[in-house]
Amino acid sequence: MATKMLQFVKTSGEMPAKRTAEIRRQDWLEVYGPYVRQKAEEQSSRCSQCGVPFCQIHCPLQNNIPDWLKLTAEGRLEEAYEVSSATNSMPEICGRICPQDRLCEGNCVIEQSGHGAVTIGSIEKYITDTAWAEGWVKPPTPLRERDQSVGIIGAGPGGIAAAEQLRRLGYQVHLYDRYDRVGGLLIYGIPSFKLEKEIVARRAQWLADAGIQLHLNFEIGRDATLQELRSRHDAVLVATGVYKARDLQAPGSGLKGIVAALDYLTASNRTGLGDDVPEFTDGTLNAAGKRVVVIGGGDTAMDCVRTAVRQGAVSVKCLYRRNRANMPGSQREVQNAEEEGVEFVWQAAPEGFLGDDAVTGVRAHSIHLGVADATGRQSPVVIEGSAHTIEADLVIKALGFDPEDLPTLFDAPGLPVTKWGTVKVDHRTMMTAVEGIFAAGDIVRGASLVVWAIRDGRDAAAAIDSFLVAKAAALAVAAE
Ligand code: FAD
């Protein structure tokens with residue numbers, strides 16, 4: 001029976017139950033509970049089925065959102081899952097951590113008309129979690145096996161998406177990663193309260209079940225050069241992400257107790273996964289009992305402040321040089337952090353750090369937002385005589401990431417990079433200037449989003465397929 005859509009006129013938007021901040025502070029579980037079926041159907045029926053679906057247009061994967069909302073409203077969940085997974089390699093992950101307020105939901109037409117967006121992310125999560133529970137998520141099975149093999153460097157979302165697509169096409173796929181687990185930033189960067197780790201581990205097992213060969217603890221540059229890998233495979237994809245933390249050169253920046261965000265988050269995630277992490281155990285990368293100051297305003301900074309709360313910090317402050325409206329991080333995450341007790345110190349930036357051996361405070365000055373620069377963002381200007389001290393025992397630098405020097409690391413001086421160090425590709429073919437070597441994800445775009453890495457991984461897989469089909473055809477002609 002077809003359910004009527006356009007119910008937004010009489011049904012309000014409703015997220016799944018949100019756990020209270022008091023409870024959230026005590027554990028590492030996700031913020032929102034799941035929808036029950038009736039709620040997912042009801043919320044899906046609010047969609048206005050626009051002729052021009054702006055949610056879909058603003059989704060990097062062009063997910064066919066109106067169709068899977070309609071199928072969910074009609075109770076046709078398995079079909080909803082088929083449609084949703086046709087364009088997205090990990091919908092259960094996007095449903096949890098995409099910044100929907102800036103993408104699909106932010107562009108939902110009923111949001112623009114003041115009715116509140118359809119809760120697209122939570123419904124996507126509901127559909128895919130149901131699909132896993134019901135056994136509808138099957139490992140890709142190729143129609144025919146092909147002899148050609150592809151080596152993928154990096155088992156983050158970009159590499160995983162490419163691996164899945166190439167395996168579906170029957171290629172022999174080898175996924176290499178220097179970490180001991182699959183997932184990239186999904187496993188060691190993003191904390192469990194945004195993305196529970198079993199969700200990532202389940203995908204890793206699914207890749208192995210699909211016949212993808214996983215080579216973990218295998219670092220290109222240490223265990224093989226790029227050229228050696230290229231000679232093993234018919235094509236290689238570089239999906240290594242960006243890991244060089246931006247640093248802060250200021251007096252006292254070498255003091256003990258000033259740490260890099262990703263080291264801090266990785267230690268926390270590893271500890272949560274049951275690993276023995278000496279720097280966590282000895283307190284170096286543990287906020288328990290400390291006054292914590294996090295410097296930065298992006299997703300990484302938000303993850304650090306909320307991790308520090310859960311580790312039992314005495315106080316947690318976030319220092320950001322611009323204001324709330326100009327933060328790069330998701331507004332939802334800022335709100336979650338505030339609810340959990342984080343204090344935001346807007347328009348403030350460090351000028352130095354105090355302490356003899358270990359840090360005892362951050363010397364900060366206040367910022368005035370001046371005229372907009374070429375990007376349209378107001379530039380921060382220091383207010384003279386505004387210096388003040390914020391006491392701290394642990395300072396976490398979350399200032400963003402740049403690419404590592406891949407040509408040197410990979411012993412591949414011929415691999416072209418941009419002036420920012422990202423790998424240069426021909427955007428029509430996703431191939432670098434080195435024949436048969438492709439690149440995708442953050443290492444091409446710079447630090448970005450999971451959904452863009454998935455998109456790039458899928459595009460790279462299609463480009464690699466075209467390249468390998470053409471190569472096989474050329475060999476066949478030559479052999480005649
Ligand atoms: P990555 O996920 O970084 O994966 C790259 C992989 O390559 C890693 O596993 C790494 O070990 C491996 N590798 C690197 N070099 C080598 C080598 N030499 N040899 C072998 N393997 C190698 N995005 C969102 O959409 N929502 C969020 O909420 C969000 N939160 C974030 C929080 C944090 C703390 C951070 C740092 C980022 C966050 N992002 C978020 C961004 C998102 O995680 C990235 O854009 C995305 O993971 C990029 O995917 P990728 O596959 O390109 O790279």
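Trainee: How many residues of domain 2 and of domain 3 are in contact in this structure, and what makes a pair of residues count as being in contact?

Mentor: In this predicted model, eight residues of domain 2 are in contact with seven residues of domain 3, and they count as such because heavy atoms lie within 4.5 Å.

Trainee: Where do domain 2 and domain 3 lie along the chain, and how far apart are their C-alpha centres?

Mentor: The domain assignment gives residues 149-243 together with 403-479 as domain 2, and residues 282-401 as domain 3, while the C-alpha centres of these two domains lie 34 Å apart.

Trainee: What is the area buried between domain 2 and domain 3, and which three residues supply the most on the domain 2 side?

Mentor: The buried area is about 620 Å², with carbon and sulfur atoms giving 61% of that value. On the domain 2 side, Pro191, Phe193 and Lys194 supply 66% of the area buried against domain 3, which is more than any other three residues.

Trainee: Why is the meeting of lysine 194 and aspartate 303 called a salt bridge?

Mentor: The side chains of lysine 194 and aspartate 303 come to 3.0 Å, N to O, and the cut-off between a Lys nitrogen and an Asp carboxyl oxygen is 4 Å, so the pair qualifies. Across the interface of domain 2 and domain 3, one salt bridge is found. The residues on the side of domain 2 that touches domain 3 divide into seven nonpolar, no polar and one charged.

Trainee: How do you know that aspartate 177 makes a polar contact with the ligand?

Mentor: An oxygen atom of the ligand is 2.5 Å from an N or O atom in the side chain of aspartate 177, and the limit for such a pair is 3.5 Å, so this is a polar contact. By the same limit, the polar backbone atom of leucine 449, at 3.4 Å from a ligand oxygen, also qualifies.

Trainee: What share of the ligand's area does the protein bury?

Mentor: Taken alone the ligand exposes 990 Å², and the protein buries 97% of that.

Key
Residues are numbered from 1 along each chain as its sequence is written. This is a predicted model: local features need pLDDT of at least 70, side-chain atom pairs count only at pLDDT 80 or more; totals for chains, interfaces and linings use all residues. Side-chain values use heavy atoms; hydrogens and water are left out. Domain bounds come from an automatic or database domain assignment. Buried area is the accessible area (1.4 Å probe) that two parts lose on being put together, summed over both. Ala, Val, Leu, Ile, Met, Phe, Trp, Tyr, Cys and Pro count as nonpolar, Asp, Glu, Lys and Arg as charged, and the others, Gly among them, as polar. A polar contact is a pair of N or O atoms within 3.5 Å; within protein, one must be able to donate a hydrogen and the other to accept it, and residues adjacent in sequence count only if both atoms are side-chain atoms. Accessible areas come from the Shrake-Rupley method with a 1.4 Å probe; for residues, only the protein chains shown count as cover.
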